Amino acid sequence: AVAVLDINPVSKGHVLILPIEHNPDLKKIQKQAFTLAKKISKKIETKLKPKEVKISPSCIMDHCILNILPIYKNESLNSERYQASQEELLEIQKILKKKSNPKTEKKPKKEIISSEEKQKLWLPRRLP
């Protein structure tokens, strides 16, 4: 699935999830699309701070998509849409791409192998 910001959004941060496989049946939307939608909705909740984030499926031209709609007041998919500027979309994209807490890399522990274990250890010959 692919996630894109809607160019005619209902509210700030309106995202469309487009499953790669064409499927006109709402019941057969891929699990990966729902997983991606849940990840993005959590990110929208933490970064944009709406009251609520709704995930709602819809069909457009016999192709089912998922709408991730941040609700700030009382928006719905039937609410009035506006034309988003490219600058606004790029700003939202930057906000959603930022990593909140970079994880520190853990160094792997070195295992100490005794000389007896080294003798028992057998490795296959490497071919150049």
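The following legends describe several close-up views of a predicted model.

**View 1. The overall fold of the predicted model contains 3 helices and 4 strands.** Read from the N terminus, the elements follow the order β-β-α-β-β-α-α. The protein has 128 residues, of which 28% are buried. Of the contacts between residues at least 6 apart in sequence, 59% join residues at least 24 apart.

**View 2. Four strands form an open sheet in the order β1-β2-β4-β3.** The pairing in this sheet is antiparallel. Strands β1 and β3 are its edges, each pairing on one side only. From one strand to the next, the twist averages 25°. Helix α1 lies across β1, β2, β3 and β4, and runs at about 15° to β4.

**View 3. Strand β4 is mostly covered, with 9 of its 9 residues buried.** The side chains of the strand point in two directions. His63, Ile65, Asn67, Leu69 and Ile71 point one way, while Cys64, Leu66, Ile68 and Pro70 point the other way. Residues of both sets are buried.

**View 4. Strand β4 pairs with β2 and with β3.** Between β2 and β4 the pairing is antiparallel and extends over 3 bridges. Isoleucine 17 has leucine 66 of β4 as its bridge partner. Between β3 and β4 the pairing is also antiparallel, here over 9 bridges. Within β4, asparagine 67 stands opposite serine 56.

**View 5. A hairpin joins β3 and β4, with 2 residues between the strands.** Methionine 61 lies in the turn and has a positive phi of about 50°. Strand β3 comprises residues 52-60, and β4 comprises residues 63-71.

**View 6. Helix α1 spans residues 31-48.** Its 18 residues, at 1.5 Å a residue, should span 26 Å. The C-alpha atoms at the two ends are 25 Å apart, which agrees with that expectation. Just after the helix, lysine 49 adopts a positive phi of about 55°.

**View 7. The buried residues of α1 are Ala33, Ala37, Ile40, Ser41, Ile44 and Leu48.** Seen down the helix axis, these buried residues fall within an arc of 110°, and they therefore line one face of α1. Their cover includes the strands β1 (2-5), β2 (15-18), β3 (52-60) and β4 (63-71), together with helix α2 (86-97). On the face turned away from the buried side, α1 carries the exposed residues Lys31, Gln32, Lys38, Lys39 and Lys42.

**View 8. Cysteine 59 and cysteine 64 are shown with their accessibility classes.** Cysteine 59 has a relative accessibility of 41%, so this residue counts as partly exposed. Cysteine 64 has a relative accessibility of 2%, and therefore counts as buried. Cys64 belongs to β4, where it points the same way as Leu66, Ile68 and Pro70. The count of disulfides in the model comes to 0.

Note on methods:
Residues are numbered from 1 along each chain as its sequence is written. This is a predicted model: local features need pLDDT of at least 70, side-chain atom pairs count only at pLDDT 80 or more; totals for chains, interfaces and linings use all residues. Side-chain values use heavy atoms; hydrogens and water are left out. The expected span of a helix is 1.5 Å times one less than its number of residues. Buried means under 20% relative accessible area, exposed over 50%, partly exposed in between (1.4 Å probe, protein chains only). The arc is that of the directions from the helix axis to the C-beta atoms. Contact means heavy atoms within 4.5 Å. Two strands pair if DSSP finds at least two bridges between them. Axes are lines fitted to C-alpha atoms, for helices over the stretch in contact, and angles run from 0 to 180 degrees between N-to-C directions. A disulfide is a pair of cysteine sulfur atoms within 2.5 Å.
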